[in-house]
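Got your viewer open and a selection box ready? Let's walk through this one stop at a time.

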Amino acid sequence: MLGFDILASDIDEKATFMTDANIKWLSEKGYITDTKYEIFNLDVTNSDKRIIGKLRKTDISCVVCEPYMGPAQKRLVYPNRADVYLSRVKKLYIGLLDILEQITGKGFTLVLIIPSYKTYREWKTFSVREVFSKSWEILNTDISRGRDLMWSRKNSIITRNIFVLRKK
């Protein structure tokens, strides 16, 4: 709807099918026009060299992503379960970072979600710097007037911490 072409991927074939259906619906309703898009399956923890080669030849200026954060939570999470979910998210972002280092250059923008889980003791999360080095500039404060970019529902068990990064 903002006029960008779309390159979408997910490890889950159902998710890529639904993305395709959503884009077609937006197009049929007239919300998007003349948008080029391609959707494919990709496991960022075990990337396909053919796909990486193709991505290198594609002009990509930004990636926006939200990782799989575990099953829907209806109750507070046990701290050790939150640690498991967070370690899986970290593994996904380490794989994504490996791919981005191969296909992007200076000025590339990345928008990502790092979850926080409400446990019986505290909120658990991890720092963006545990995955992304200082070669990635954090733009959050420029965008949000010094506040964290967060999204959650009322009485939420999972909070989404939104980070906007730019490759230096």
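Start with Leu149, which stands opposite Ile162 in strand 8. Keep in mind that you are looking at a predicted model.

**Stop 1: strand 7 and the turn**

Select residues 149-151, and you have strand 7, joined to strand 8 by three bridges, with the two running antiparallel. Together strand 7 and strand 8 make a hairpin, with six residues between them. Click on Asn155 in that turn: its phi is positive, at about 60°.

**Stop 2: along strand 8**

Now select 158-167, which is strand 8. Is this strand mostly enclosed or open? Seven of its 10 residues are buried, so strand 8 is largely enclosed by the rest of the structure.

Pick Thr159, which sits in strand 8. Thr159 counts as buried because its relative accessibility is 7%. Show what surrounds Thr159 and, leaving aside neighbours within four places in sequence, you'll find contacts with Ile114, Pro115, Ser116, Trp123, Met150, Trp151 and Ser152.

Strand 8 has other partners too. Strand 6 pairs with strand 8 in the antiparallel sense over three bridges. To see where, select Trp136, which stands opposite Lys167 in strand 8.

**Stop 3: strand 4**

Add 109-118, which is strand 4. Nine bridges join strand 4 to strand 8, and the two run antiparallel. Select Ile113 and look across to its bridge partner in strand 8, Ile162. Strand 4 is mostly covered, with seven of its 10 residues buried.

Strand 3 is joined to strand 4 as well, by four bridges, but here the strands run parallel. Click Cys62 to find its bridge partner in strand 4, Thr109.

**Stop 4: the two cysteines**

While Cys62 is selected, add Cys65. How far is the sulfur of Cys62 from the closest cysteine sulfur? That closest sulfur is in Cys65, 9.2 Å away, which is too far for a bond. The structure holds zero disulfides. As for exposure, Cys62 is partly exposed, at 35% relative accessibility.

**Stop 5: helix 3**

Select residues 79-103 for helix 3. At 1.5 Å a residue, its 25 residues should span 36 Å, and the end C-alpha atoms are indeed 36 Å apart. Color its buried residues, among them Pro79, Tyr85, Val89, Tyr93, Leu97 and Ile103. What do they pack against? The buried residues of helix 3 meet helix 2, strand 3, strand 4, strand 5, strand 6 and strand 8.

Before leaving the helix, select Ile103 and Lys57. These two are 46 residues apart along the chain, yet their C-alpha atoms are separated by 8.2 Å. Lys57 is in the loop between helix 2 and strand 3, and this lysine is exposed, with a relative accessible area of 76%.

**Stop 6: the nonpolar core**

The largest nonpolar core has 34 residues. Show Tyr93, Leu110, Leu112, Tyr117, Phe132 and Trp136, which have the most contacts inside this core. Helix 2, helix 3, strand 4 and strand 8 each supply at least two of the core residues, and helix 3 gives the most, with 10.

Zoom in on Tyr93. Not counting residues up to four places away in sequence, Tyr93 touches Cys65, Glu66, Pro67, Leu112, Ile113, Ile114, Phe126, Val131 and Phe132.

**Stop 7: salt bridges**

The count comes to nine salt bridges; here are three to select.

- Glu66 and Arg160: their side chains meet at 2.4 Å, N to O. This pair links distant parts of the chain, 94 residues apart, with Glu66 in the loop between strand 3 and helix 3 and Arg160 in strand 8. Glu66 counts as partly exposed, at 45% relative accessibility.
- Glu101 and Lys167: the closest N and O atoms are 3.3 Å apart. Glu101 lies in helix 3 and Lys167 in strand 8, so the pair ties together parts that are 66 residues apart in sequence. Glu101 is partly exposed at 39%, whereas Lys167 is buried, with a relative accessible area of 11%.
- Asp48 and Arg50: this salt bridge is 3.1 Å, N to O. Asp48 is partly exposed, at 26% relative accessibility, while Arg50 is exposed, at 67%.

How values were computed
Residues numbered from 1 in each chain as written. Predicted model: local features only at pLDDT ≥ 70, side-chain atom pairs only at ≥ 80, totals over all residues. Heavy atoms only, no water. Disulfide = S-S within 2.5 Å. Buried < 20%, exposed > 50% of the residue type's maximum accessible area, 1.4 Å probe, protein only. Expected span 1.5 Å × (residues − 1). Contact = heavy atoms within 4.5 Å. Salt bridge = Lys/Arg side-chain N within 4 Å of Asp/Glu carboxyl O. Core = buried A, V, L, I, M, F, W, Y, C linked by side-chain atoms within 4.5 Å. Pairing = 2+ DSSP bridges.
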